[in-house]
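Biologist: Please take a close look at one part of this protein for me: the cysteines. Then carry on from there into the sheets around them.

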Amino acid sequence: MEIIFLGTSSAVHSKERNHPSIALKAFGDVMLFDCGEGTQRQILSTNVSPMKISKIFITHFHGDHILGLPGLLQSMSLHGRESKLTIYGPHGLDKVINAIYSLGYCAIEFPIEYIEIDSGIVEESDEYVITCQKVKHNVPCLAYSIEEKKKPRFLREKAIELGVPVGPAFGKLHNGQEVEIDGKIIKPEQVLGEPRKGIKITYSGDTRPCEELIQLAKDSTVLIHESTFISKDSSNAEEHAHSTSTEAAYIAKESNCKELILTHISTRYGPEYGKIMLSEAQEIFENTKLANDFLEIKLQ
């Protein structure tokens, strides 16, 4: 898996930070989480192909999280895209999509499926499950988790002991299928160990600290959490329904995450404040990074 931060600012962008967007390359797919203004231009500086984006997950409908959609969709169409794109988001997504279609002489000539979602499982395959949860912002907002499904460990020596010959039968058993060996049925549970936990990534969206996010992020490999303010501006964070660096660290600690990455940084802070923000978070949760545009995180 590879996480690429395309934009790490909050409501106002700067020379150093674009509006929010994160690309995830995983499972032979490219998924986009939020699509702030300028996202398609940011993509040009990465190894992400916009034509390979198959799914876009929107956290909420504040402009800094969606205003890149019209340009991205029109560019995909101009480049001859034919494959379907699926866009997920809170209730009201249909109005956003209809507004995009009504902008100027807009011609989007590939299929777009939009799915309005609430809390719960968004999508599930043999390889992963994507879940969303309502979080605490000043408009309806979702957080997302993407969890890899790992097959249980195959007990090779146990299989051989039961008379299973090395070869295709191993694969069938590992995939959950029974096999017959010399008239004897061997069941998968006889040769499979405990299920292994796969990589889990959680993305907060915009939020105040809340129990719902702690539960969604439980045992995440990586928690990507908004950190709009430093601690001295906690009253602003509360007023605008955002989080401080220390509050993000608290969520990471309470949810037993392995790594915290801070993003959605207010442009009121100059570069020197990055060290303050990071230091504040690390006092509570040591394994914390501060995201910058084009930061890439590889997980395996």
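Modeller: A residue is called buried when its relative accessible area is under 20%. Keep that cut-off in mind, and note that this is a predicted model.

Take Cys210. Its relative accessible area is 9%, so Cys210 is buried. Cys141 is buried too, because its relative accessibility is 3%.

Now the sulfurs. A disulfide is a covalent bond between the sulfur atoms of two cysteines. To count here, the two sulfurs must lie within 2.5 Å. The cysteine sulfur closest to that of Cys141 belongs to Cys210, and the gap is 9.4 Å, so the two are too far apart for a bond. From the other side, Cys210 is in no disulfide, and its nearest cysteine sulfur is that of Cys141. The disulfide count by this rule is zero.

Next, the sheets. One is an open sheet of seven strands with mixed pairing. Its order is β7-β8-β9-β12-β13-β14-β15. The edges are β7 (120-124) and β15 (288-290). Each has a single partner strand, so one side of each lacks a neighbour in the sheet. From one strand to the next, the twist averages 20°.

Look at the β15 edge. Strand β14 (residues 259-263) runs parallel to β15, and three bridges join them. Within this pair, Leu260 sits opposite Thr288 of β15. Helix α10 (residues 272-284) packs on this sheet and touches β14 and β15. The direction of α10 makes about 165° with that of β15.

Another open sheet also has seven strands and mixed pairing. Here the order is β6-β5-β4-β3-β2-β1-β16. Strands β6 (112-116) and β16 (296-298) are the edges. Each pairs with a single strand, so one side of each is left without a neighbour in the sheet. The twist averages 20° between one strand and the next.

Inside this sheet, β4 (residues 53-57) and β5 (residues 85-89) are parallel and share three bridges. Lys55 faces Thr86 of β5 across the pair. Helix α3 (residues 69-78) packs on the sheet, with contacts to β3 (29-33), β4, β5 and β6. The direction of α3 makes about 170° with that of β5. Helix α4 (residues 93-101) packs on the sheet as well, touching β5 and β6. For α4, the angle with the direction of β6 is about 150°.

Key: Residues are numbered from 1 along each chain as its sequence is written. This is a predicted model: local features need pLDDT of at least 70, side-chain atom pairs count only at pLDDT 80 or more; totals for chains, interfaces and linings use all residues. Side-chain values use heavy atoms; hydrogens and water are left out. Buried means under 20% relative accessible area, exposed over 50%, partly exposed in between (1.4 Å probe, protein chains only). Two strands pair if DSSP finds at least two bridges between them. Helices (H or I, at least four residues) and strands (E, at least two) are DSSP runs, numbered from the N terminus. Axes are lines fitted to C-alpha atoms, for helices over the stretch in contact, and angles run from 0 to 180 degrees between N-to-C directions. Contact means heavy atoms within 4.5 Å.
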